[in-house]
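Hi,

Here is the structure I said I would pass on. Have a look at it first, and then read my notes underneath.

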Amino acid sequence: MTATPGDRPGALVLVGGHESAAGRDLPPLPGRDGLAGVPTRVAGAGRALARALAAALAETPPDRPVVVLPMTLGRDPRLVSDAARTVRWAAREEPAGRLALAPPFGTPDHLVGWLRAACRRLGGDEAVLIAAASADPFDDAELYRVAALVRANGAQRLVEVGLRSATGGLEDGLDRCRRLGADRVVVTPAAFGAPADVAQPLLSPAAIEAIVAARVATACHRLAAHGDDGLADGLAADHVHGFAHTHEGEHAGGHAHPHGHAHPHGHAHPHTHAHDHAHAVAG
C-alpha cells in the first residue's frame with residue numbers, strides 16, 4: 001500500500017545532535033502551529049533514531065507519513081546525512097511515501113540571522129560570547145565563521161566564540177573577551193537550551209515550534225505533490241563538509257572521506273564508498 005499524505009504527518013520524530021545534547025535540550029512542543037494532535041518523539045542519531053522510527057511506524061496509520069526532522073541550527077550537517085541513512089534503512093520494507101526526511105531546522109545562514117537578532121537586543125557596549133558545545137573541528141570552525149559574519153556590520157565591537165568541552169566551560173572565551181577590553185560579556189547560545197550562564201535562549205519555544213511546523217509542512221507538501229521523500233538532499237548534506245574535495249582522480253575508482261558516520265544500529269563506518277567517480281581528499 002502506498003501512503004498518500006496530505007499536509008499533516010501521522011507522526012513526527014525530531015532527531016538531535018550536539019547542538020541539543022542529542023535532543024535533551026529541545027523544548028516540548030505544545031502542539032500549536034499545525035502540529036496539534038501529531039504524536040512527536042525526540043531521539044538522538046543512530047540506534048535511538050532507528051528505535052523511534054520503528055515505534056512511530058507501528059503506531060501510525062499506514063496512509064499517513066512519518067516525518068523525521070533533523071534539529072540542527074545549521075552547524076551539524078552530518079546529523080542530517082546520518083538521519084537520512086537511518087530513514088533510508090528504516091524505509092527498506094515500507095511502502096513509498098511512508099517515511100520522509102524534512103529539511104533541516106536551520107542552515108548556517110539561519111544561525112547567523114538568529115544570532116544577529118540576539119545581538120540587536122543588546123546594547124553596543126557589551127561583548128558577545130557565542131557559546132556552544134565543542135563538536136568536531138569542522139563544526140567548531142563553522143562556529144568561528146558564523147561569529148565573524150555576526151560581527152560584520154553589527155553594533156558589537158567584540159563577538160567571540162566560547163566552546164564548552166567535557167572538561168571545561170567558557171572560562172577561556174570569557175578571559176579572551178576581558179583581555180580584549182570588554183567590561184561586560186553577554187553569553188549567547190548557538191545551541192538549543194539555555195544553560196544558567198546564558199542571557200536567554202537563542203529561540204523561544206514558540207519560535208522553535210513555528211519553525212518545526214514550517215519544515216514539516218514543506219516535507220509533507222514535497223511528498224504529496226512531488227513524491228519527494230527528502231532523502232536525496234539529506235544524504236548529500238555533509239558532502240562538502242570537511243576536507244576539501246577535488247575531482248582529480250576521476251578514474252581512480254574510490255571515494256574517501258576523512259570521518260565516519262553512524263550506522264542506523266550505531267556501528268561506526270569509515271565512510272569509504274565506491275562511486276562511479278572518484279574524489280581525492282586533500283588534507
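**The parallel sheet and its surroundings**

Let me start with a strand pair: S5, which covers residues 127–133, runs parallel to S6, and six bridges link the two. Within that pairing, Val128 sits opposite Val159 of S6. Do keep in mind that this is a predicted model.

The pair belongs to a three-stranded open sheet, ordered S6-S5-S7 and paired in parallel. Its edges are S6 (159–164) and S7 (185–189), each of which has a pairing partner on one side only. On average, neighbouring strands in this sheet are turned by 30° against each other, if you ignore direction.

What lies across S5 and S6? That would be helix H4, residues 137–151. The helix runs at about 155° to S6.

**The protein as a whole**

Zooming out, the protein has seven helices and 13 strands. It is 283 residues long, and 45% of those residues count as buried. As for the surface, about 13,300 Å² is exposed, with carbon and sulfur atoms supplying 53% of that area.

I also looked at how far apart in sequence the contacting residues are. Taking the contacts with a separation of 6 or more, 75% are between residues 24 or more positions apart.

If you want somewhere to begin in the viewer, try S5 and its pairing with S6, then bring in H4 lying across both strands.

Cheers

Methods
Residues numbered from 1 in each chain as written. Predicted model: local features only at pLDDT ≥ 70, side-chain atom pairs only at ≥ 80, totals over all residues. Heavy atoms only, no water. Helix = DSSP H or I, 4+ residues; strand = E, 2+ residues; numbered from the N terminus. Buried < 20%, exposed > 50% of the residue type's maximum accessible area, 1.4 Å probe, protein only. Contact = heavy atoms within 4.5 Å. Areas by Shrake-Rupley, 256 points an atom, 1.4 Å probe, with all protein chains shown as cover. Pairing = 2+ DSSP bridges. Axes fitted to C-alpha atoms, helices over the stretch in contact; angles between N-to-C directions.
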